[in-house]
Amino acid sequence: MARGPGLALPWPSLLPPLLLLAAVIGHAAAQDNCTCPTNKMTVCERSGPDGRCQCRVLGSGLEVNCSTLTSKCLLLKARMSAPKSGRALVQPSEHALVDNDGLYNPDCDQQGRFKARQCNQTSVCWCVNSVGVRRTDKGDLSLRCDELVRTHHILIELRRRTDGRAFNHSDLDAELRRLFWERYLLHPKFVAAVHYEHPTIQIELLQNTSQKVAGEVDIADAAYYFERDVKGDSLFPGHRGLDVRVRGEPLLLERTLIYYLDEKSPQFSMKRLTSGLIAVIVVVVVALVAGVAVLVITNRRKSGKYKKVEIKELGEMRKEPSL
């Protein structure tokens, strides 16, 4: 049935506003989706004629590849430069102990790697490895660090809460390898071994220079993301911490220690010894000296007694009448 002129719907007049509204909504949705799924400490925006989403990490302002992990150096720099909330706080006592979690404001190169020499806000400098851990004594601005020594072996030691039942070793091994591959994009070939003796778990990551190819995740970055997850401060947006289950049993941890082994030995002098260790060495040395002194005095006394006995016997022999 044909409609009369007065009943025709005004579609042609409404079409341009509707298209404009749809375009605005689509653009807003696209902007909302412009985020970095592997690094929450970034600022992202769409730019260029193609509207490509570009994300730059806080602190350094370098553009990062959000399809993989961000380097540890850039993450540390971002944590140091992140805006702090709250008012100015009072200074703690000079006797207060601080767990700084190895946090400092590092110097990174254009690829996001640690520079071999790091310095603080004054003139104190030191050499670091590829993980950013100090491997020499501290010096002044004249300190030379000729190369960035690679950390090729990382041992992650975890301690479970003792209130849970023991895991099956094979199940735990498979779950941790899956975790590092699916969450941290680290190829299983770099997870050298998983050791387990309840309640201690050890994860060995091994990656030599010759094994790592361009584009693969570095074991240093995977270990740092894992460490932040364990401590409940995940670097992934929308995540608070680690939620791992082995056959339905949650992996609840109460302690984490990470050890780093470099391709070259560190260069520390005796200055690195702590006062406590020096005190122990001094006590041991004093005890040894005292022991030697007592031994010498005892031997001398025994020797003196023997000489007196010999002289006495000789005198008695001389007094005996001759036949």
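Counted along the chain, the bonded cysteines of this predicted model pair up as 1-4, 2-6, 3-5, 7-8, 9-10 and 11-12. That pattern comes out of a search of the whole structure, which turns up six disulfides, a disulfide being a pair of cysteine sulfur atoms within 2.5 Å. As a reminder, a disulfide is a covalent bond between the sulfur atoms of two cysteines. Since the model is a prediction, local features need pLDDT of at least 70 and side-chain atom pairs count only at pLDDT 80 or more, while totals for chains, interfaces and linings use all residues. Residues are numbered from 1 along each chain as its sequence is written, and side-chain values use heavy atoms, with hydrogens and water left out.

Take Cys-36 and Cys-66 to begin with: their sulfur atoms sit 2.1 Å apart, and the link is left-handed, with -115° about the S-S bond. Cys-36 lies in the loop between α1 (11-32) and β1 (42-47) and Cys-66 in the loop between β2 (52-57) and α2 (72-81), so this disulfide ties together parts that are 30 residues apart in sequence. The helices (H or I, at least four residues) and strands (E, at least two) named here are DSSP runs, numbered from the N terminus. Cys-36 and Cys-66 are both buried; on the scale used, buried means under 20% relative accessible area, exposed over 50%, and partly exposed in between (1.4 Å probe, protein chains only).

Next come Cys-44 and Cys-55, a disulfide with its sulfur atoms 2.1 Å apart. Distant parts of the chain are linked here too, with Cys-44 in strand β1 and Cys-55 in strand β2, 11 residues apart. The torsion about the S-S bond is about 115°, so the Cys-44 and Cys-55 disulfide is right-handed. Its two ends fall into separate burial classes: Cys-44 is partly exposed, with a relative accessible area of 22%, whereas Cys-55 is buried at 4%.

Cys-73 is joined to Cys-108, S to S 2.1 Å. This pair links helix α2, home of Cys-73, to the loop between α2 and β3 (117-119), where Cys-108 is found, 35 residues apart. A torsion of about -95° about the S-S bond makes the Cys-73 and Cys-108 disulfide left-handed. Both Cys-73 and Cys-108 are buried.

On to the rings. A pair of aromatic rings is described by the distance of the centres and the angle of the planes. The search of the whole structure finds seven aromatic pairs. Rings of Phe, Tyr and Trp (its six-membered ring) pair if their centres lie within 6.5 Å, and planes under 30 degrees apart count as stacked, over 60 as edge-to-face and the rest as tilted. Phe-180 and Tyr-184 have ring centres 5.3 Å apart and planes at 55°, so the pair is tilted. Phe-180 is buried, at 0% relative accessible area, and Tyr-184 is buried at 0% as well.

Tyr-184 also pairs with Phe-236, again tilted, at 6.3 Å centre to centre and 35° between the planes. This contact spans 52 residues, from Tyr-184 in the loop between α3 (169-182) and β6 (191-197) to Phe-236 in the loop between α4 (219-230) and β8 (245-246). Phe-236 is buried, with a relative accessible area of 5%. Phe-180, Tyr-184 and Phe-236 belong to one aromatic cluster that also includes Tyr-225 and Phe-226.

Charges over rings show up too. Lys-138 lies over the face of Trp-126, 5.3 Å from the ring centre, and Arg-160 over the face of Phe-167, at 3.8 Å. The criterion is NZ of Lys or CZ of Arg within 6 Å of the ring centre and within 35 degrees of the ring normal.
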